[in-house]
Amino acid sequence: IFLTFGSGTYGAGQTLNVTTRVYNTGPTVTVDAIAWIGLPTGGVINILDTDNLVIPTNLAGDFYNGTIGFSYTFTGSEPSGKYVVGLRLIDPATGDTVALATRTFQK
């Protein structure tokens, strides 16, 4: 999984738009997707919780699925500092992590 969004800092009224790229050269898989923003203070803002997302096989090695893109608009009440955006794909039968990606940014 690769998370993509604009670089730089984010302030009140600005929106963090995240798109994802998923590389799956193996068999088609069904996963649950959870995305979050980790705050500098240690808190978490949950921004996506999608069940039964099908990730197809792509022998070219690249698959983009807009349904696991997500966004968050800053209100101005969030603390300044280093943030972490995360996306975890989970096997719904076992609860095991299939893939995990994180990326940081400043506010």
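**Entry 1: the hairpin**

I began with a term that I needed: two strands are said to pair if DSSP finds at least two bridges between them. With that in hand I turned to this model, which is a predicted one, and looked up β3 and β4, which run antiparallel and are joined by nine bridges. I noted two of the partnerships from the bridge list: threonine 30 has valine 54 of β4 as its bridge partner, and glycine 38 is matched with valine 44, also in β4. Together β3 and β4 make a hairpin with five residues between the strands, and there glycine 42 takes a positive phi near 100 degrees.

I then looked at glycine 43, which lies in the loop between β3 and β4. Is glycine 43 buried, exposed or partly exposed? I found a relative accessible area of 27%, and since buried means under 20% and exposed means over 50%, glycine 43 counts as partly exposed. Leaving out residues up to four places away in sequence, glycine 43 touches Ile37 and Gly38.

**Entry 2: the whole chain**

Next I stepped back to count elements, and I found seven strands and zero helices in the chain, which reads β-β-β-β-β-β-β along the sequence. The C-alpha trace spans about 45 × 30 × 15 Å along its principal axes. Of the 107 residues, 36% count as buried, while the chain exposes about 5,600 Å², of which carbon and sulfur atoms supply 51%. I also checked how far apart in sequence the touching residues are: among contacts between residues at least 6 apart, 62% join residues at least 24 apart.

**Entry 3: two sheets**

In what order do the strands of the four-stranded sheet stand? I traced an open sheet with the order β4-β3-β6-β7 and antiparallel pairing. Here β4 and β7 stand at the edges with a single partner strand each, so one side of each has no neighbour in the sheet. From one strand to the next, the twist of this sheet averages 15 degrees.

The other sheet I traced is also open, with three strands in the order β1-β2-β5, again paired antiparallel. Its edges are β1 (2-4) and β5 (70-73), each having a single partner strand, so one side of each is left without a neighbour in the sheet. The twist here averages 20 degrees from one strand to the next. Looking at one pairing in more detail, I saw that β2 (residues 15-21) and β5 are linked in the antiparallel sense over four bridges, and that threonine 15 has threonine 73 of β5 as its bridge partner.

As a reminder to myself, strands of a sheet pair through backbone hydrogen bonds, either parallel or antiparallel.

**Entry 4: the nonpolar core**

Which residues have the most contacts inside the largest nonpolar core? This core has 27 residues, and I listed Leu16, Ile37, Phe70, Val85, Leu87 and Phe105 as those with the most contacts inside it. The elements giving two or more residues to the core are β2, β3 (29-38), β4 (44-55), β5, β6 (82-90) and β7 (97-106), and the largest share, five residues, comes from β4.

I followed isoleucine 37 outward, leaving aside neighbours within four places in sequence, and found contacts with Leu16, Gly43, Val44, Ile45, Ile47, Tyr72, Tyr83, Val84, Val85 and Phe105.

**Entry 5: aromatic rings**

Finally I went through the aromatic pairs, of which there are eight. Tyrosine 72 and phenylalanine 74 form an edge-to-face pair, 5.1 Å centre to centre and with 90 degrees between the planes. Both count as buried, tyrosine 72 at 17% relative accessibility and phenylalanine 74 at 2%.

Why does the pair of tyrosine 83 and phenylalanine 105 count as stacked? The ring centres are 5.2 Å apart, and the planes stand at 20 degrees; planes under 30 degrees apart count as stacked. Tyrosine 83 lies in strand β6 and phenylalanine 105 in strand β7, so this pair ties together parts that are 22 residues apart in sequence. Tyrosine 83 and phenylalanine 105 are both buried.

My last note is that ring pairs link Phe5, Tyr10, Tyr72, Phe74, Tyr83 and Phe105 into a cluster.

Technical notes. Residues are numbered from 1 along each chain as its sequence is written. This is a predicted model: local features need pLDDT of at least 70, side-chain atom pairs count only at pLDDT 80 or more; totals for chains, interfaces and linings use all residues. Side-chain values use heavy atoms; hydrogens and water are left out. Axes are lines fitted to C-alpha atoms, for helices over the stretch in contact, and angles run from 0 to 180 degrees between N-to-C directions. A nonpolar core is a set of buried Ala, Val, Leu, Ile, Met, Phe, Trp, Tyr and Cys residues joined through side-chain atoms within 4.5 Å. Buried means under 20% relative accessible area, exposed over 50%, partly exposed in between (1.4 Å probe, protein chains only). Contact means heavy atoms within 4.5 Å. Accessible areas come from the Shrake-Rupley method with a 1.4 Å probe; for residues, only the protein chains shown count as cover. Rings of Phe, Tyr and Trp (its six-membered ring) pair if their centres lie within 6.5 Å; planes under 30 degrees apart count as stacked, over 60 as edge-to-face and the rest as tilted.
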